[in-house]
Amino acid sequence: MSESVWPDPVMAEIGRGMELGQRGERDAAREVFAGVRDRLGADGDPFHICALAHSMADVQDDPREELVWDLRALEAADLVSDERARLAGVASPVAAFYPSLHLNLGDVYRRLGEWDLARTHLARGLDAVGTLGDDGYGQLIKGGLDRLAQRLAERSGEPLSGPPSGPLAEPTEVNGPASA
């Protein structure tokens with residue numbers, strides 16, 4: 001792909017689904033995302049699949065389904081190049097997707113009682129946090145990682161490596177690549 005198509009109709013549709021989800025219209029958001037998924041297919045553009053899966057995870061009612069989508073987002077992110085992201089209008093490198101992706105995985109594993117996997121993804125998110133800017137989005141993700149660390153520490157009674165550096169308010173989950 002050598003040139004971006006702006007506006008990107010797939011990202012516009014994902015954005016529409018995100019807006020529905022943020023308004024609490026989760027069923028409608030899932031319908032929009034399912035339509036995008038059907039058009040993309042299994043071999044679609046990894047950038048689109050990453051954004052779609054990351055967003056679809058956020059509107060799942062069952063944490064096991066959320067996990068499936070979060071894992072798809074992470075897998076697709078591994079196939080996205082910085083050039084592809086730039087063509088989509090994303091200013092940051094693909095590496096900046098990972099703190100959010102690992103935050104969401106850590107949180108869903110926490111809610112599923114998979115403590116070791118939750119800690120693994122927290123550590124990966126913290127390792128990647130240096131890729132984020134010091135803007136509102138970066139602070140949002142860093143705060144989410146801090147809250148996840150606090151929740152996991154409260155559960156185990158042991159401090160985790162990398163002390164929290166931000167506020168510990170709700171919610172833990174955030175959108176990443178699709179909102180970048």
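Which residues of α6 are buried? In this predicted model, the list runs Y98, P99, S100, L101, H102, L103, N104, L105, G106, D107, V108 and Y109. Put as a count, 12 of the 14 residues of α6 are buried, so the helix is mostly covered. As for what does the covering, the neighbours include α3, α4 (63-77), α7 (115-128) and α8 (136-156).

The helix itself spans residues 98-111. From its first C-alpha to its last, α6 reaches 20 Å, close to the 20 Å expected at 1.5 Å a residue. After α6 comes G113, a residue with a positive phi, near 80°.

One of the helices covering α6, namely α3, also packs against α2. Two packed helices can be described by the angle between their axes and the distance between those axes. Here, α2 (residues 26-40) and α3 (residues 46-57) pack at about 155°, and their axes lie 10 Å apart. Because angles over 145 degrees count as roughly antiparallel, that makes α2 roughly antiparallel to α3. The crossing of this pair is left-handed.

And what do the two helices actually bring to the contact? On the α2 side there are R30, F33, A34, V36, R37 and L40, and these meet H48, I49, L52, S55 and M56 of α3. Sorted by type, the residues of this contact come out as seven nonpolar, two polar and two charged. The charged ones are R30 and R37, both from α2, while H48 and S55 of α3 make up the polar ones.

Notes: Residues numbered from 1 in each chain as written. Predicted model: local features only at pLDDT ≥ 70, side-chain atom pairs only at ≥ 80, totals over all residues. Heavy atoms only, no water. Axes fitted to C-alpha atoms, helices over the stretch in contact; angles between N-to-C directions. Helix = DSSP H or I, 4+ residues; strand = E, 2+ residues; numbered from the N terminus. Parallel < 35°, antiparallel > 145°, perpendicular 65-115°, else oblique. Left-handed = near helix turned anticlockwise from the far one by under 90°. Contact = heavy atoms within 4.5 Å. Expected span 1.5 Å × (residues − 1). Buried < 20%, exposed > 50% of the residue type's maximum accessible area, 1.4 Å probe, protein only.
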